[in-house]
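Thank you all for coming; I would like to walk you through one chain this morning, going from its overall layout to a few individual residues. Please have the sequence and the model open while I talk.

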Amino acid sequence: MIQRYQDAMAICRTIGAPALFITFTCNPIWPEIKVGLPRLPTQRAEDRPDIVARVFRIKFKQLLTDLREYKIFGEVLSGIIILTPMHL
């Protein structure tokens, strides 16, 4: 984590201050997660972290594609990705 911070500070010195700070979180009621859960009425998204993680990763990769390739916010000069668990 310290190395990522130092990398981000080096990028800021070279390119300048960031224009965007994006936070991407998971929603346990996304339709993709609900479809992936077995048909047990008592089972919730918290019971299947494998499905939640898989759907999150797919959506996160799509967000990165939208930002980098489709340039929805303009040209990307640099980026730092820091993934942190919710509960440490």
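Before I place any residue, a word on how I name the elements: helices are DSSP runs of H or I with at least four residues, strands are runs of E with at least two, and both are numbered from the N terminus. On that basis, Lys71, to which I will return, is placed in the segment after α3. Please also keep in mind throughout that what you see is a predicted model.

Let me begin with the overall layout. The chain has three helices and zero strands, and if you read along the sequence, the pattern is α-α-α. The radius of gyration is 17 Å, well over the 12 Å that the globule rule gives for 88 residues, so the chain is more spread out than a compact globule. Taken along the principal axes, the C-alpha atoms fill a box of roughly 55 × 30 × 15 Å.

Turning to the surface, 15% of the 88 residues count as buried. The accessible surface of the chain comes to about 7600 Å², and carbon and sulfur atoms account for 60% of that area. As for charge, there are 12 positive and 8 negative side chains, and the centres of these two sets lie 2 Å apart. If we take the contacts between residues at least 6 apart in sequence, 48% of them join residues that are at least 24 apart.

Now to the aromatic residues, where I would like to spend a little more time. Which residues make up the aromatic cluster? They are Phe24, Trp30, Phe56 and Phe60, which form one cluster, and the structure as a whole holds four aromatic pairs. A pair of aromatic rings is described by the distance of the centres and the angle of the planes. For Phe24 and Trp30, the distance is 6.4 Å centre to centre and the angle between the planes is 35°, and this pair is classed as tilted. Trp30 is buried, with a relative accessible area of 15%, whereas Phe24, at 26% relative accessibility, counts as partly exposed. Phe24 also pairs with Phe60, again in a tilted arrangement, with 5.9 Å between the centres and 45° between the planes. This second pair links distant parts of the chain, since Phe24 sits in the loop between α1 (2-15) and α2 (31-36), while Phe60 belongs to helix α3 (residues 49-68), 36 residues apart. Phe60 itself has a relative accessibility of 16% and counts as buried.

Staying with helix α3, let me set two of its residues side by side. Is Val55, which lies in helix α3, buried or exposed? Because the cut-off for buried is under 20% relative accessible area, Val55, at 10%, counts as buried. Leaving aside neighbours within four places in sequence, Val55 is in contact with Trp30, Glu32 and Ile33, so to speak of Trp30 here is to come back to a member of the aromatic cluster. The C-alpha atoms of Val55 and Asn27, 28 residues apart in sequence, are 9.9 Å apart in space. Arg57 is also placed in helix α3, but at 54% relative accessibility Arg57 counts as exposed. Between Arg57 and Cys26, which are 31 residues apart in sequence, the C-alpha to C-alpha distance is 9.6 Å.

Next, consider the end of helix α1 and what it meets. Ile15 lies in helix α1 and, at 46% relative accessibility, counts as partly exposed. Not counting residues up to four places away in sequence, Ile15 touches Leu77 and Ser78. For Ile15 and Ser78, which are 63 residues apart along the chain, the C-alpha atoms are separated by 8.2 Å.

Finally, the segment after α3, as promised. Lys71 has a positive phi of about 50° although it is not a glycine, and its relative accessible area of 38% makes it partly exposed. Gly74 lies in this segment too and is partly exposed, with a relative accessible area of 29%. How far apart are the C-alpha atoms of Gly74 and Arg44? These two residues are 30 residues apart along the chain, and their C-alpha atoms are separated by 38 Å.

Definitions and conventions
Residues are numbered from 1 along each chain as its sequence is written. This is a predicted model: local features need pLDDT of at least 70, side-chain atom pairs count only at pLDDT 80 or more; totals for chains, interfaces and linings use all residues. Side-chain values use heavy atoms; hydrogens and water are left out. The radius of gyration is taken over C-alpha atoms; the globule rule is 2.2 Å times the number of residues to the power 0.38. Buried means under 20% relative accessible area, exposed over 50%, partly exposed in between (1.4 Å probe, protein chains only). Contact means heavy atoms within 4.5 Å. Accessible areas come from the Shrake-Rupley method with a 1.4 Å probe; for residues, only the protein chains shown count as cover. Lys and Arg count as positive and Asp and Glu as negative; His and the chain ends are not counted. The place of a charge is taken as NZ of Lys, CZ of Arg, CG of Asp or CD of Glu. Rings of Phe, Tyr and Trp (its six-membered ring) pair if their centres lie within 6.5 Å; planes under 30 degrees apart count as stacked, over 60 as edge-to-face and the rest as tilted.
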